[in-house]
Amino acid sequence: MKNDNSRKRGQRNQKAGRTGGQKSRSQERLHWRSGNMLYPVPAVMVSCADRGGRANIITIAWTGTICSDPAMVYISVRPGRYSYDLLKDSGEFVINLTTASLAEAADFCGVRSGRDVDKFRECSLTPLPSKHIKAPSIAESPVNIECRVKEMIPLGTHHMFLADVLGVTVDNRFIDESGRFCLENAGLLAYSHGAYFELGRFVGKFGFSVRKSGKKKASRSSADSFREKTGGRETETAESSHGKKDHNRRGVRRQKKDGRQDSGHPGSGRRTGKKQRNS
Ligand SMILES: Cc1cc2nc3c(=O)[nH]c(=O)nc-3n(C[C@H](O)[C@H](O)[C@H](O)COP(=O)(O)O)c2cc1C
């Protein structure tokens, strides 16, 4: 017998057109040769520095979390990149999460080389002294993840830098009154098949598929109510704000009356208080 959850799942699938029976276009599958099609991924800005302290930024999509405890991440970098030697020599870097308002800067840092331009200056990004390493973080990013390289694995076109997370700095403005870090309000950027997207509609919380019915539904996020309260101004998409860019700052769109992305040092302490549940 179907329980409440599986009935609801069925209804959701029906709405989304995933019913059996009729032959649909989606059943005509195409087989492609081996290649990368794992999307979406983040498009992060990785900051690093040379021995003399000259900082650079490289945009990286081949990145991810690889271990919870010890906290570890990886980035995969082509040896031809200017940043490659910086990463290899210094053994450290910062992963700076990107937002819709940082999309243009992220793209720029992914198509221009630090050999030719000072990307911090070109993008009007603010170098923020890191806590554990010499390479600076990016102040305009909501989350800075300081990393130390543990191992470098040559794979082929890319070499993978496995790294320990030494510390995380977060933008205090995303901490609510209860101390919760509301990352959903940051307008995080995703990269999918050659295009950038701002994270959108909330669809459920971790574990919602098995939550007993009758309990409070996870149908709305604080991001939704945040948008409602502010009339959507705070989560303006790249598209809707087209042409409203602040020309003094390449790539860092000035936004929001509350100045959330404009100024201020993210790391005035970590007050999340709550332990992360998911892996
Ligand atoms: C969205 C995006 C994702 C990218 N991901 C990677 C990546 O994962 N690894 C890599 O080596 N290069 C990646 N690149 C390319 C580098 O960011 C680009 O070659 C950059 O100009 C290198 O900068 P550098 O020469 O200053 O090191 C990406 C570029 C973009 C726009």
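This passage walks through a predicted model, taking its main sheet, its nonpolar core, the shell around its ligand and a smaller set of paired strands in turn.

The main sheet is a good place to start. Seven strands make up an open sheet, and reading across it gives the order β3-β2-β6-β9-β10-β5-β4, with antiparallel pairing. At the edges stand β3 and β4 (63-67); each has a single partner strand, so one side of each is left without a neighbour in the sheet. Going from one strand to the next, the twist averages 35 degrees.

Some of the pairings in this sheet can be followed residue by residue. β9 and β10 run antiparallel to each other and are paired over 11 bridges. Together they make a hairpin, with 4 residues between the two strands. Within this pair, E151 sits opposite L162 in β10. Strand β10 (residues 159-170) is also joined to β5, again in the antiparallel sense, by 6 bridges. Here V73 has A163 of β10 as its bridge partner, and I75 is matched with F161 of β10.

What lies across the sheet? Helix α2 does: it lies across β2, β3, β5, β6 (92-96), β9 (143-154) and β10, and it runs at about 60 degrees to β2.

Next comes the nonpolar core. The largest one in the model counts 42 residues, and V46 and A106 are the ones with the most contacts inside it. Strand β2 (residues 44-49) supplies the largest share of this core, 5 residues. As for V46, its contacts take in I57, I58, I60, I75, F93, V94 and I95, leaving aside residues up to four places away in sequence. One of these contacts, I75, turned up above as the bridge partner of F161 in β10.

The ligand has its own set of neighbours. Around it are 22 residues, and the closest are Y82, S83, G110, S113 and G114. Three elements each give two or more residues to this shell, namely β3 (55-60), β5 (72-77) and α2 (82-90). β3 makes the largest contribution, with 4 residues. So an edge strand of the main sheet, with a single partner strand, is also the element with the largest share of the ligand shell. Sorted by class, the shell is a mix of 9 nonpolar, 8 polar and 5 charged residues.

A further set of pairings involves β1, β11 and β12. Strand β1 (residues 41-42) pairs with β11 in the antiparallel sense over 2 bridges, and V41 stands opposite Y191 in β11. On its account with strand β12 (residues 195-198), β11 is joined by 4 bridges, and these two strands run antiparallel as well. In that pairing S192 faces A195 of β12. β11 and β12 form a hairpin with 2 residues between the strands, where H193 takes a positive phi near 50 degrees.

Which side chains of β11 are buried, and which are not? Along this strand (residues 189-192) the side chains alternate between two faces. L189 and Y191 point to one face and are buried, while A190 and S192 point to the other and are not. Y191, then, is a buried residue that stands across from V41, whereas S192, which is not buried, is the one opposite A195 in β12.

Key:
Residues numbered from 1 in each chain as written. Predicted model: local features only at pLDDT ≥ 70, side-chain atom pairs only at ≥ 80, totals over all residues. Near = placed C-beta within 6 Å. Nonpolar A, V, L, I, M, F, W, Y, C, P; charged D, E, K, R; others polar. Core = buried A, V, L, I, M, F, W, Y, C linked by C-beta atoms within 7 Å. Buried ≥ 20, exposed ≤ 12 C-beta atoms within 10 Å, placed from the backbone. Contact = placed C-beta atoms within 7 Å. Pairing = 2+ DSSP bridges. Axes fitted to C-alpha atoms, helices over the stretch in contact; angles between N-to-C directions.
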